[in-house]
Structure formats: C-alpha cells, structure tokens
Amino acid sequence: MPRLNAEALTDIRLEPGSVALIGGGPGAWDLLTVRGLALLQQADVVVVDRLGPAGITELLEQHVEVIGVGKAPGAHSLSQEGIGELLVQKARAGHRVVRLKGGDPFVLGRGGEEVMACQAADVPVQVVPGVTSAIAGPAAAGIPVTHRGTAVAVHVVNAHGDLGPADLAALRDPGTTTVLLMGVAWLPRLVAQTQLNGIDPATPVAVVQNATLPEQREVRGTLGTIVQRVQASGIGHPAVIVVGRTAVNGFLSPAAAEEGTAEGGELQGSGRQALAAGDDRALSEDGATGADGATGADGVRTAAGLPPVLIGCAHGTRSREGRDVVRAMLQRVAAARPDVPVREAYVDVQEPAVEDAVARWAGPDADPRTRDDAMPRAVVVPLLLSTGYHVGCDIAAAVAGQAACSTGPLGPDPRLAQVMAERLTEAGAREEDAVVMAAAGTRDAAGQDMARQMAQLLAAELGRDVITAFIAAADPSVVEAVASARAASPSGRVALASYLLSPGHFQSRLESAGADVVAAPLGDHPLITQLVLDRYDAAVGA
C-alpha cells in the first residue's frame, strides 16, 4: 500500500511554460490543499504573497526561484499589472511557475486578473482553490458563519473602503453573517457608516487576527463597542471582521444550548437565539445593552416617542478624507443629541442618495418615530452652505410626498465666519494679508448672494475687507480674485479662506490658486453641530 503523501493522492502536473495559481489558505501550512502542495513541489519559480503560507517556500529545493510580491497596507512591492507580466515572462522562459496566494485566488484575491493576463499571452494556466480566510478566520475563532435557525447566508466584503448598499442590506439582515476582509484599519470608518445608516449598534462583532496561526488573537464586542475594544487590545492586520448573530461570545457554548429549548433541531427562546440577538446577558461583558423597544423589520431598534430622524445631506465626494469629515460632523451631532436618530445622505457621487434615505426613514413602510402624527418622520438638514440646485431640486424632490421636510442650508451664519477665521489662523494667515473667501459656486443668483453675505460676515469677524470668489459656475474665479487682491494688498500677501465643508476636489483646486496661505475647509466643528441642530429644532418646532 502506498504511503499517504501528495503523489499518492493526485496525479496533477505542472508543465514547463505554464502557470498554476494556488490558493494557499489562511496561513497555517497544513491548510494548503494536497493539490496545491503537489504543484508547489514541481515548481521552478514561485511568485508568493505576503499572507497565506508564504513561509512554506523556505522548504523548497534550493534551485527554486522564490519571488516575493506581497502587498502590505499602503506599500505594494509590485503592481497588479506587473505581477501578471512577471508570470507571463517566467512561463515564456520555459519555467514551471506557481503563483502562491493567500486564501482562495478568486475570493478578493485578484486571481481572475492574473488568469486573464496569462490567457491574453496564450500561457496555459490552472487554478487550485484554497481555504478562504472569510470562512477559516471565523471558524478558527469558533464562529460558524452559518448555523441552522440563526444564520442562513454569508456576505463577504472587501472592506478597504466604504460599504455599499448591498453590504448595508446584509448587515441589516439578522439571518446573514457579514465577513469583512482587509478592513481592520478602516474599522472606525466602517462602524461610523453603519451607525449613520441605522444598523443596530448591539449587533455582535468579532475581529480575528492571524487566524489559524499560533499567534492568533481575537476580540469580541458589538458595533457600538468594537472600535474601542480593538484599539485597547492592539489588534491589527491581517484580520477578519465578523458581524452577525453567530459572532457573539459563547454562541457555541453548551450553556447557550441548554438555556434554549430544542424544537426541530433549532434553539428557541432564551437560549442561543437570545444570546445572538444581543440581549443584556449576551452583551454583559461588553457593558452594552440594546435600546428599549422593539426591533423593526430592518433590524433597527425603535422606540415609541422618538423624535423625527435627522438626515444630514451632504454633497458626495470621492475623497476618503472628505467622507470621514462628513461622518465626523454627523457623529458629533448624534453625540450632542442622543435622543435624535441621525442618518447620512448625499446628493451626487455617493450612497445613500437623499431620496433613498428619505424613503427608508420617512416613506410609507418606515416605522413611526414621531412624537405625534402631525410631525414629520424625518427632517433633511442640508450640509450645504447655500441654496441652489441640490437644495431646491434634489432635496425638495426627495421630501415631496413623504412624511418628511427639509430645512434651509447652513449658511450664511456668523458662526461659520468664526470657524473660517479659526481655520485662517491655523493656516498661518497674518493681519496684513488680503483675504479672499472661496465658495464652491452656483448658477443660482440667490445662492451667489448668500455667499457674498457670508463674505461680509467674515469681514466683520476679521475686521477687514474680504473678497468673494467662486471655484466654479460664477465670477470672479478664485484665481482672478487672488491676483486682484495681491495687486491691491500693501503687503503683497493673500490668504484664501475656504468656504467649503470638507476636503475634496474643490479644496484641492484652491492649492493652485496662487494664494500665500490656503485655509482648511470648515470641517468638523462644534459650532457647525450647533447650526445643524438649530435647523433641525426649528423644523420640528422645538
């Protein structure tokens, strides 16, 4: 009888001039498949990632060329296009090439792109599936991603960025376990987005670092506590984030099973389902409990008598920093008024669109949240500085026919002048500098007048003249205004005040306008929190 080894279990071959993409698994060497090991032992060249069983290449024969192309966060040793070119080059030289990847090549591993690169060059390529960390990471921590009667679906997310509508829908679904990969560095941003989209903060979360390896670590909590727990524990990448009922601490413990009553093999009542649903006992070691009241159809806990939802509607941006600033503003509003549900919405570029947010929180199917039937279910507060198309058309259309209303924009207001003055000082502006205030711009005449009124308020705050300029859609342009101010300035210096809320494309344009000092946008500031709440309170008659 043959010995139990790779050759006895598979006759797979790696021919000269061909490539094999091998999923190496989550990290432990013994989770590499038999097929993957057999092909690895035949290789002349191994192109290896930083993650997965990368260290196993140390056991290869000395003649094997090992090339590391691992990608650390923020540092890529070789571009994805370059990796494809390398595989093709080595195969065309007649080598037997293995591309050893962490996890599974086709689960957020960009394996498809490498297959396409080989096929485009007529290089034979085969793919060996691997054990994906999306399943193995939770399992190594004792977390089943599905469990009869509790979780019936798994949603895997590339968490290196914002969550999309499908991701938020999965997080709302109590029967879905959501696994987020490559997201531990983004965790505060991801949690902020869940909070501003009404995901229940009592939802259980686990973060597992170095899953399947001897140095594996994990931390448990809820969406409301996990950021602080991860920071306190020092958990970092590589890690998987598991969100859902089965991630609660003790889900598979015998005590949880004994507390429930078996009916058709599914635990009911106070046992495992109650534990996973996030009741006080399940969350006692987190120090967190769910809000009083029932749980709505979307999984968001509601309570009778809550005031209308405050929907802060900003202009969308592709800038990560800009998105962070908007969410920081809204989180500050939520912290200032914990009785008011605060949600995010956007006009242009970014989700959720304002019309979708209004429909969710104030449409016919929304849970009643108001103190009486005469009040709206939602109030849209534009995180915009003047009137224009977005306020008059987009937001107005979103609330039309719904149990919702909208307020005016944030400006003009003396408090915004105070914030702009602070930003100028922080940027190093001097008293002798001429000052230009740069507004985004609008074709709406009333919006242009509001910007000019804001410049007058800034002038009063600074005690000197301020020139109004527009980045787009109106005159004078910022470049023209800076040049004009410089010519008239005794010191020859110009400071540019940014009348923008957050970083993004428009703020970046100010850097090339020729000013000596460019102030940061208004950003997250307590005075803006006051403004937002003033607009909201006026709308609800508080």
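This passage describes a helix pair, the cysteines and one buried glutamine in a predicted model.

The helix pair consists of H14, spanning residues 414-427, and H18, spanning residues 526-540. Their axes approach to within 9 Å and cross at roughly 160°. Because angles over 145 degrees count as roughly antiparallel, H14 is assigned as roughly antiparallel to H18. The crossing of the two helices is left-handed. On the H14 side, the contact is formed by Arg415, Leu416, Gln418 and Val419; on the H18 side, Leu527, Ile528, Gln530, Leu531 and Asp534 take part. By residue class, five of the residues in this contact are nonpolar, two are polar and two are charged.

With regard to the cysteines, zero disulfides are present in the structure. Cys118 has a relative accessible area of 0% and is therefore buried. Cys313 likewise counts as buried, because its relative accessibility is 0%. Both values fall in the range under 20% that defines a buried residue.

A further buried position is found in helix H17, which comprises residues 505-510 and includes Gln507. The relative accessibility of Gln507 is 8%, so this residue counts as buried. When neighbours within four places in sequence are left aside, the contacts of Gln507 are with Ser498 and Leu500, and also with Val518, Ala519, Ala520 and Pro521.

Methods. Residues numbered from 1 in each chain as written. Predicted model: local features only at pLDDT ≥ 70, side-chain atom pairs only at ≥ 80, totals over all residues. Heavy atoms only, no water. Axes fitted to C-alpha atoms, helices over the stretch in contact; angles between N-to-C directions. Helix = DSSP H or I, 4+ residues; strand = E, 2+ residues; numbered from the N terminus. Parallel < 35°, antiparallel > 145°, perpendicular 65-115°, else oblique. Left-handed = near helix turned anticlockwise from the far one by under 90°. Contact = heavy atoms within 4.5 Å. Nonpolar A, V, L, I, M, F, W, Y, C, P; charged D, E, K, R; others polar. Disulfide = S-S within 2.5 Å. Buried < 20%, exposed > 50% of the residue type's maximum accessible area, 1.4 Å probe, protein only.
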